Amino acid sequence: MHEVFGLHLTADLVVLSACETGVGSGALADVPAGDDWVGLVRAFLHAGAAHVVATLWRVDDWATEALMERFYEGLATGAEPARALALAQRALVGAAATAHPRYWAGFVAVGGSDGR
């Protein structure tokens, strides 16, 4: 995370689909409790990413694969990251095997047309 703060990116989108990539505030050993703004999402936004997709808890590998496939399909049609993520999440809700929120609700999109 500290290295990311030093980067200078021109990325439109950074996707952090591993477990708990959107968690800060004491959840990680090097982030003291109370530093809510510190985390990978904030680091990538500070470094210049316009949008960041991250996770809030441990995510299922199989469901993440399904969600990411649909997410990137949405991006390919021209949808903004938040819209593409919402569409992908709705697709998982509609499938019996992934309807439970633990499979799709842990993903968040941060950033937007205002630059952050």
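## Exercises on a predicted model

The largest nonpolar core in this predicted model has 15 residues, and those with the most contacts inside it are Leu67, Met68, Phe71, Leu85, Leu92, Trp104 and Phe107.

**Exercise 1.** Work out which helices each supply at least two residues of this core, and which helix gives the largest share.

*Solution.* Begin with the helices: helix 3, which covers 61-76, and helix 4, which covers 81-93, each supply at least two residues of the core. Next, look at the shares, where helix 3 provides the largest one, with five residues. Finally, turn to the rest of the chain, where another core of twelve residues lies apart from this one, and among its members are Met1, Leu16, Ala43 and Ala47. As general background, in soluble globular proteins nonpolar side chains tend to be buried together.

**Exercise 2.** Find what Phe107 touches, leaving out residues up to four places away in sequence.

*Solution.* Start from Phe107 itself, which is one of the residues with the most contacts inside the largest nonpolar core. Then list its partners beyond four places in sequence, which are Ser17, Ala54, Thr55, Val59, Thr64, Leu67, Met68, Leu85 and Gln89. As a last step, compare the two lists: Leu67, Met68 and Leu85, which Phe107 touches, are also named among the residues with the most contacts inside the core.

**Exercise 3.** Decide for Thr98 and for Glu20 whether the residue is buried, partly exposed or exposed.

*Solution.* First place Thr98, which lies in the loop between helix 4 and strand 3, the strand that covers 107-111. Its relative accessibility is 3%, and because buried means under 20%, Thr98 counts as buried. Around Thr98, again without residues up to four places away in sequence, the residues touched are Trp62, Ala63, Leu92, Val93, Tyr103 and Trp104.

Now place Glu20, which lies in the loop between strand 1 (13-15) and helix 2 (40-47). At 34% relative accessibility, Glu20 counts as partly exposed, because that class lies between 20% and 50%. The backbone of Glu20 also deserves a note, since its phi is near 55 degrees, a positive value in a residue other than glycine.

**Exercise 4.** Describe the protein chain as a whole, going from its elements to its contacts and surface.

*Solution.* Count the elements first, which come to four helices and three strands, and then read them from the N terminus on as α-β-α-β-α-α-β. Of the 116 residues, 37% count as buried. Among contacts between residues at least 6 apart in sequence, 71% join residues at least 24 apart. The accessible surface comes to about 6500 Å², and 55% of this belongs to carbon and sulfur atoms.

Notes: Residues numbered from 1 in each chain as written. Predicted model: local features only at pLDDT ≥ 70, side-chain atom pairs only at ≥ 80, totals over all residues. Heavy atoms only, no water. Core = buried A, V, L, I, M, F, W, Y, C linked by side-chain atoms within 4.5 Å. Buried < 20%, exposed > 50% of the residue type's maximum accessible area, 1.4 Å probe, protein only. Contact = heavy atoms within 4.5 Å. Areas by Shrake-Rupley, 256 points an atom, 1.4 Å probe, with all protein chains shown as cover.
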